[in-house]
Amino acid sequence: RNKAAAGLSVTLLGDSVSAGLKVEDKLIASKWFRMVMSGGAMTSRGDVAYGGSLEAQLRDKDYPLGRFLTTLGLSVMDWHGDLAIGGNIQSQVPIGRSSNLIARANLNNRGAGQVSVRV
């Protein structure tokens, strides 16, 4: 199943007008795999910023009863030739009947990132 969407935004703030456009496509390949791709541009005062993202989600075959869930993401933004790339991963693993272990990590092309573990 495939769902596409598009959006347009215009904002007037004082004497400045900002406009943006976003296109998104969600692909649901099966009960346990889905992927979302999006891209867009934002402009204001002659400057334009471009961005896009890709997210893939893997679920347990009988989710939400089976609570295993993993999400992988990638995002890209370009503004004035300065490219920012970021990636992240999050995984939820059931440990017991009513407890989950959630691990999350992200990293960008400047070497900054974060790792967290939550029970």
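These legends walk through several close-up views of one predicted model. Residue numbers count from 1 along each chain as its sequence is written, and side-chain values rest on heavy atoms, with hydrogens and water left out. Since the model is predicted, local features need pLDDT of at least 70 and side-chain atom pairs count only at pLDDT 80 or more, while totals for chains, interfaces and linings use all residues.

**View 1. Strands β1 and β2 meet in a hairpin.**
Let's start with β1 (residues 2-13), which runs antiparallel to β2 and is joined to it by twelve bridges. A strand here is a DSSP run of E with at least two residues, numbered from the N terminus, and two strands pair if DSSP finds at least two bridges between them. Two residues sit between the strands of this hairpin, and Gly14 in the turn has a positive phi of about 70°. Further along, Ala4 has Asp25 as its bridge partner in β2.

**View 2. Asp25 sits in strand β2.**
Strand β2 covers residues 16-28, and Asp25 is found there. Is Asp25 buried, partly exposed or exposed? It counts as partly exposed because its relative accessibility is 22%; buried means under 20% relative accessible area, exposed means over 50%, and partly exposed is in between, using a 1.4 Å probe and protein chains only. Asp25 touches Asn2, Lys3, Ala4, Met35, Val36 and Met37, leaving out residues up to four places away in sequence. Contact here means heavy atoms within 4.5 Å. Look at Val36 too: it is eleven residues from Asp25 along the chain, yet their C-alpha atoms are separated by 5.8 Å.

**View 3. Ser16, also in β2, reaches Ser44.**
Ser16 counts as buried because its relative accessibility is 11%. Its side chain joins that of Ser44 through a polar contact of 3.3 Å. For a polar contact, a pair of N or O atoms must lie within 3.5 Å; within protein, one must be able to donate a hydrogen and the other to accept it, and residues adjacent in sequence count only if both atoms are side-chain atoms. Setting aside neighbours within four places in sequence, Ser16 is in contact with Thr11, Ser44 and Arg45.

**View 4. Strand β3 pairs with β2.**
Now follow the chain from β2 into β3 (residues 33-44). A hairpin of four residues joins the two strands, and they pair in the antiparallel sense over eleven bridges. One spot to find is Ile28, whose bridge partner in β3 is Arg34.

**View 5. A nonpolar patch lies on the surface.**
Which residues make the nonpolar surface patch? They are Leu8, Val10, Leu12, Val17, Leu21 and Val23, and the patch is about 630 Å². Strands β1 and β2 each supply at least two of its residues. Leu12, which belongs to β1, counts as exposed because its relative accessible area is 62%. Patch members have over 30% relative accessible area and no salt bridge, and nonpolar side chains (Val, Leu, Ile, Met, Phe, Trp, Tyr) are joined within 5 Å, like charges within 9 Å. Areas come from the Shrake-Rupley method with a 1.4 Å probe, and for residues only the protein chains shown count as cover. A salt bridge puts a side-chain nitrogen of Lys or Arg within 4 Å of a carboxyl oxygen of Asp or Glu.

**View 6. Thr70 and Ser91 touch through their side chains.**
Thr70 lies in strand β5 (residues 69-79), and it counts as buried because its relative accessible area is 12%. The polar contact between the side chains of Thr70 and Ser91 is 3.2 Å. Apart from residues up to four places away in sequence, Thr70 touches Ala56, Gln57, Leu58, Ile89, Gln90 and Ser91.

**View 7. Strand β5 pairs with β4 and with β6.**
The β4 and β5 pair is antiparallel, with eleven bridges, and Gly52 has Val76 as its bridge partner in β5. The β5 and β6 pair is antiparallel over eleven bridges too, and there Ser75 is matched with Gly86 in β6.

**View 8. Arg45 and His80 have positive phi values.**
Most residues other than glycine have a negative phi. Arg45 has a positive phi of about 50° although it is not a glycine, and it is found in the loop between β3 and β4 (47-59). Arg45 counts as exposed because its relative accessibility is 66%. His80 takes its positive phi, near 55°, in the hairpin of β5 and β6, which has two residues between the strands. With a relative accessible area of 58%, His80 is exposed.
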